Amino acid sequence: MAKQTKKKQEACVVSGWQQGPIIDESTLYDDLTRHFYYTLGRDTVAQSHLYLYNALALTIRDRLVARCRATRDARQVKPQKQVAYLSLEFLMGRALGNAVLNLDLDSSVEKALSQYCSSIEEVKEAEHDAGLGNGGLGRLAACFLDSCASLALPVTGYGIRYEYGMFNQSIENGHQIEHPDNWLREGHPWEISAPEHSRRVKFFGRINRYQDKQGNTHHQWVDTEDVLAVPYDVPVPGYKNDVVNTLRLWKSEATDEFDLGEFNAGSYSEAVAHKNLAEQITMVLYPNDTSENGKALRLRQQYFLTSASLQDILASWTDTHGSNFSEFSQLNVFQLNDTHPSIAVAELMRLLLDEHDLSWQQAWSITTKTMAYTNHTLLPEALEKWSVPLFASLLPRLLEIIYEINARFLVEVACKWPGDIDKQRNMSLIEEGDVPQIRMAYLAIVGSFSVNGVAALHTELLLSGLFSDFYQLWPEKFNNKTNGVTPRRWLSHCNPRLGKIISEKIGDDWVKDYSQINTIRRFYDNDDFCQQWRQVKQDNKGDLVRLVKAQCNVDFDVDMLFDVQVKRIHEYKRQLLNILHVIHLYDRIRHGDTENLTPRCVLFGGKAAPGYFMAKLIIKLINNVADTINNDPVAKPFLRVAFLPNYNVTAMETICPATDLSEQVSTAGKEASGTGNMKFMMNGAITIGTLDGANIEIRTAVGKDNFFLFGATSEQIAQIREHYNPSDIIDNDPALKGVMKLLESGHFNLFETQLFQPLIDSIKNPDDQWLTAYDFASYVQAQQQVSLAYQNTMQWTRMSILNTAASGGFSSDRTIAEYSQDIWQLPTQ
């Protein structure tokens with residue numbers, strides 16, 4: 001009887017709401033008013049636009065939900081392969097502008113807001129950047145979700161609903177100061193909680209083993225400390241196609257709110273201890289893992305994400321197919337975005353073995369046909385490793401499974417290379433040592449059917465270096481998928497002035513088919529179009545001037561070259577090399593050497609990890625140098641420098657349309673791909689860079705005459721390091737010698753003795769793996785070429801147009817189409 005009632009209820013829901021209520025442009029103002037007056041209980045806008053923003057977000061969300069339901073229902077008509085995209089980061093940025101663009105509601109929204117004497121520009125300032133990511137990895141994931149929806153692909157994102165983002169950054173006396181990023185403090189109107197789909201995630205405990213009547217051994221993970229994973233769904237709209245996919249974010253909660261007995265006994269802290277411990281998992285993005293507690297929390301985050309997500313997908317499968325997994329691998333793919341979610345390999349095995357009673361062979365067949373791994377780093381220290389003792393305590397059943405995977409894998413290695421013990425040791429999932437470590441990247445490779453790099457050079461170096469043994473064993477697994485960024489947010493949305501003049505020339509189909517952007521190449525030598533292009537850049541620079549003034553109290557000048565490096569602060573990204581060049585320019589100015597010196601404004605931005613001493617010291621150096629230069633009247637006509645605090649997606653939306661010169665100066669062979677280089681290129685910035693990451697493909701696409709190249713290549717670096725003597729380089733390079741003299745004299749730290757000595761020592765260190773001193777002369781020469789080129793306004797503008805025209809291959813639509821065809825093998829839409 002209960003089952004019949006449930007079926008009747010489901011039938012009632014489907015028949016009454018399968019298309020959702022009537023929600024279109026004509027009702028937008030009425031819906032906005034309803035949400036403002038009744039949902040939120042407001043009657044005046046007042047000075048803050050927060051409530052009007054929330055009302056508008058809810059109004060737009062209604063339309064997204066209706067389309068999301070229609071998308072889901074259409075996909076249920078006929079079973080089709082689904083992709084789960086697992087990522088520890090999704091750096092989404094603000095959602096309002098992107099949703100309005102993709103739903104084609106610009107004019108309707110402006111009209112509705114005008115009734116409240118407001119504009120979309122004013123209202124969107126009330127939205128906080130979602131604190132769900134840190135840098136390029138998370139932003140890439142966000143671009144990918146946009147492209148998947150715009151290409152109508154059945155892809156669901158799975159991530160963590162962090163209560164606090166990485167941190168908010170302020171600059172005090174030149175130092176980075178970290179503050180909590182409580183991005184949820186005023187709510188997140190785009191999300192919809194689904195507590196009925198909560199999953200229970202296990203930690204700690206012990207393993208019981210028993211045999212059934214057939215002699216099969218079974219494992220039970222018991223006496224565990226469980227945590228609830230509660231899902232919050234965020235709709236992801238495609239561009240003008242009525243498709244809305246979902247990003248499911250997991251929040252950790254205690255299985256019981258608190259111990260009432262403890263509370264009534266007066267032990268208030270103990271009563272809520274379990275609740276607090278559970279909620280720590282999703283409290284902060286990337287906890288500092290320099291301590292054992294930090295490492296444990298980071299591992300808990302990774303397992304929490306993967307276990308909840310895999311349980312979710314398996315529950316959906318069994319609701320439809322019961323215990324029959326014969327077609328599971330034909331209809332499901334799990335894409336692991338970097339090494340963080342690689343524990344999914346062992347967790348899927350655990351779920352299939354222990355929860356669904358499959359044999360090892362069945363479970364391993366499913367796992368290795370559904371897991372796909374994307375690697376994003378060439379730095380060995382960035383590949384995840386976890387100590388065996390930590391795993392044994394926190395995830396004992398997973399450790400057993402990993403050991404079994406490793407044992408079976410090493411048999412395969414031994415068969416390929418008989419008697420080669422070193423090969424077995426090097427490829428083992430367990431790294432030997434005083435404290436054995438689990439190599440998570442190796443686990444991902446062994447358990448996946450596809451392993452891809454994210455730029456041609458990156459993949460080539462993976463195959464010849466970090467993963468060469470695995471490539472020899474399984475060459476068919478490895479492939480390259482060069483990253484991309486979405487042209488919707490990174491050109492159409494963030495640079496509407498440029499988008500307008502492009503569309504006037506070639507129509508607006510380029511927004512959904514970005515390969516068409518190449519058509520504007522026809523106009524690069526059209527004087528009128530060049531003038532329009534130049535005026536757009538000047539107007540965009542005006543926006544950035546106002547931002548820099550407001551945030552840094554530094555006066556930029558739109559007629560100066562805007563030289564920009566904004567990204568995570570890391571030694572390999574070489575913000576240090578950039579500021580050394582700035583010091584060199586300052587040294588020239590102070591010596592009266594200003595011939596052919598193009599006036600420039602240099603902008604830095606980015607966050608350093610809280611525990612990364614050298615990166616934070618680089619920030620301090622940049623700010624001290626900026627303070628010295630900006631207060632020197634002799635330098636002001638030629639050079640101005642600013643460090644923009646709290647760099648984020650929203651700031652980048654103002655920065656990249658205004659940039660003339662894009663700094664992509666990482667040591668060759670260290671940057672996997674980069675995506676900031678692509679955003680700048682789309683917006684007509686010219687790149688100065690090394691042959692690293694996607695820079696190589698950018699230079700090939702735009703042509704060597706429209707790219708400023710410098711630095712040692714990855715092929716040269718090994719030989720350079722054999723005889724590297726930076727002190728000799730400094731002594732024989734007057735420019736670098738002058739820079740080092742200013743640094744060593746304490747010119748930029750007059751009252752902070754020896755402050756920058758660690759940076760000075762790193763530059764002079766023969767073991768400096770970033771080769772800062774070696775590349776300095778080549779970098780200065782390239783910057784001189786930049787100065788000369790910028791003095792020819794028309795030629796620079798043409799170079800800018802050609803960069804945008806050549807950026808078609810760096811759309812995430814192209815990247816995702818390749819994932820879909822080559823890895824996921826989804827049917828063409």
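This short talk covers cysteines and salt bridges in one structure.

Keep in mind that this is a predicted model.

Cysteines to start. How many disulfides does the model have? The count is zero. Take cysteine 68. Cysteine 68 takes part in no disulfide. The nearest cysteine sulfur belongs to cysteine 148, and it lies 14 Å away. A disulfide needs two cysteine sulfurs within 2.5 Å, so that pair does not qualify. As for exposure, cysteine 68 is partly exposed, at 21% relative accessible area.

Now cysteine 143. Why is there no bond here? The closest cysteine sulfur, in cysteine 494, is 11 Å from that of cysteine 143, too far for a bond. And cysteine 143 is buried, with 0% relative accessibility.

On to charges. Side chains of opposite charge can pair when their charged atoms come close. Searching the whole structure gives 48 salt bridges. I will walk through three pairs and one network.

Pair one: arginine 209 with glutamate 400. Their side chains form a salt bridge, at 1.9 Å from N to O. This pair links distant parts of the chain, 191 residues apart. Arginine 209 sits in strand E7, residues 206-211. Glutamate 400 sits in helix H16, residues 396-416. So we have a strand and a helix joined by this contact. Buried or exposed? Arginine 209 is exposed, at 52% relative accessible area. Glutamate 400 is partly exposed, at 23%.

Pair two: glutamate 431 with lysine 385. Here the closest N and O atoms are 2.7 Å apart. Glutamate 431 is in strand E14, residues 430-431, and lysine 385 is in strand E13, residues 385-387, so the salt bridge ties together parts 46 residues apart in sequence. Both ends are partly exposed: glutamate 431 has 22% relative accessibility, and lysine 385 has a relative accessible area of 36%.

Pair three: aspartate 469 with lysine 423. The closest N and O atoms are 2.9 Å apart in this salt bridge. Which elements does it link? Aspartate 469 belongs to helix H20, residues 468-473, and lysine 423 to helix H17, residues 421-427. They are 46 residues apart. Aspartate 469 is buried, at 16% relative accessible area. Lysine 423 is buried too, at 13%.

Last, the network. Asp31, Arg34, Asp62 and Arg63 are joined into one network by salt bridges that share partners.

To recap: zero disulfides, and 48 salt bridges. Among the pairs I showed, one runs from strand E7 to helix H16, and another from helix H20 to helix H17.

Conventions. Residues numbered from 1 in each chain as written. Predicted model: local features only at pLDDT ≥ 70, side-chain atom pairs only at ≥ 80, totals over all residues. Heavy atoms only, no water. Buried < 20%, exposed > 50% of the residue type's maximum accessible area, 1.4 Å probe, protein only. Salt bridge = Lys/Arg side-chain N within 4 Å of Asp/Glu carboxyl O. Helix = DSSP H or I, 4+ residues; strand = E, 2+ residues; numbered from the N terminus.
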